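Q: Please take a close look at one part of this structure, a pair of packed helices, and describe how the two are arranged and which residues bring them together.

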Amino acid sequence: MADLGDAKAALHHYLQATREDLIWKLDGLSEREARLPRTATGNNLLGVLKHCLNVEANYFGPTFGREFPTPEELVPMQAYEEEPQADWYAREDETKDGLIGLYRRVGVFADQTIEQLPLDAPGRVSWWRPGGQAVTLQRIIIHVICDLARHAGHADIMREQYDTAIGLRRESTNIPHDYDWPAYVTKLTTLADRFG
């Protein structure tokens, strides 16, 4: 267990936990189920994971002068000019297991950056607006945690809509067990209808 009294260890712990939570949301899904759009804008569970692995690879790589060992596995920056959603879906030649494996390797790469540098280590985010590109490792860890946590929430809702698999994390869902969810939904619907 990380020493959560240490700022760097605490930030690193929450980043790693959120990464694992995202991967967990794909457990037990077929290729089709993982890829299937779940929203009107095409959000899908595998696409969320692919986006997040690219986020981590870029923020903990080029921002601090590092390159992921196999950059050809990532979505190149120029791809976004042709397809703005390039990192939000798995191509036909990519698989769920392959992208999960890639994310685990990206996680090791990101963890190395965090372990090797102090929180005040300077970095530069080349794709941010001019004048705002200078960052520190601490800022990037916080930025990425916020980004990943937002997408973990998206994944949680998409997975719940699919098969009601919900919860904070695999080992502790933080959800009441044996709860009468249909009655709860009816209660909330009735309450909302009073304002209709």
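A: What follows is a description of one helix pair and of its surroundings.

This is a predicted model, in which local features need pLDDT of at least 70 and side-chain atom pairs count only at pLDDT 80 or more, while totals for chains, interfaces and linings use all residues. Residues are numbered from 1 along each chain as its sequence is written, and side-chain values use heavy atoms, with hydrogens and water left out.

Helix α3 (residues 45-59) packs with helix α6 (residues 137-163) at an angle of about 175 degrees, and their axes are 10 Å apart; helices here are DSSP runs of H or I with at least four residues, numbered from the N terminus, and axes are lines fitted to C-alpha atoms over the stretch in contact, with angles running from 0 to 180 degrees between N-to-C directions. That makes α3 roughly antiparallel to α6, a term for angles over 145 degrees.

In contact (heavy atoms within 4.5 Å), residues of α3 including Leu45, Val48, Cys52, Val55 and Glu56 meet residues of α6, among them Ile140, Val144, Leu148, Ala155 and Met158. The residues of this contact divide into 10 nonpolar, 3 polar and 3 charged, where Asp, Glu, Lys and Arg count as charged, Ala, Val, Leu, Ile, Met, Phe, Trp, Tyr, Cys and Pro as nonpolar, and the others, Gly among them, as polar.

Glu56, which lies in helix α3, counts as buried because its relative accessibility is 0%, buried meaning under 20% relative accessible area (1.4 Å probe, protein chains only). Not counting residues up to four places away in sequence, Glu56 touches Leu15, Arg19, Gly61, Tyr103, Val106, Ala110, Val144 and Leu148. Leu15 and Arg19 are among the buried residues of α1, and the buried residues of α1 pack against α3, α5 (96-116) and α6.

Notes:
Helices (H or I, at least four residues) and strands (E, at least two) are DSSP runs, numbered from the N terminus. Angles under 35 degrees count as roughly parallel, over 145 as roughly antiparallel, 65 to 115 as roughly perpendicular and the rest as oblique. Buried means under 20% relative accessible area, exposed over 50%, partly exposed in between (1.4 Å probe, protein chains only).
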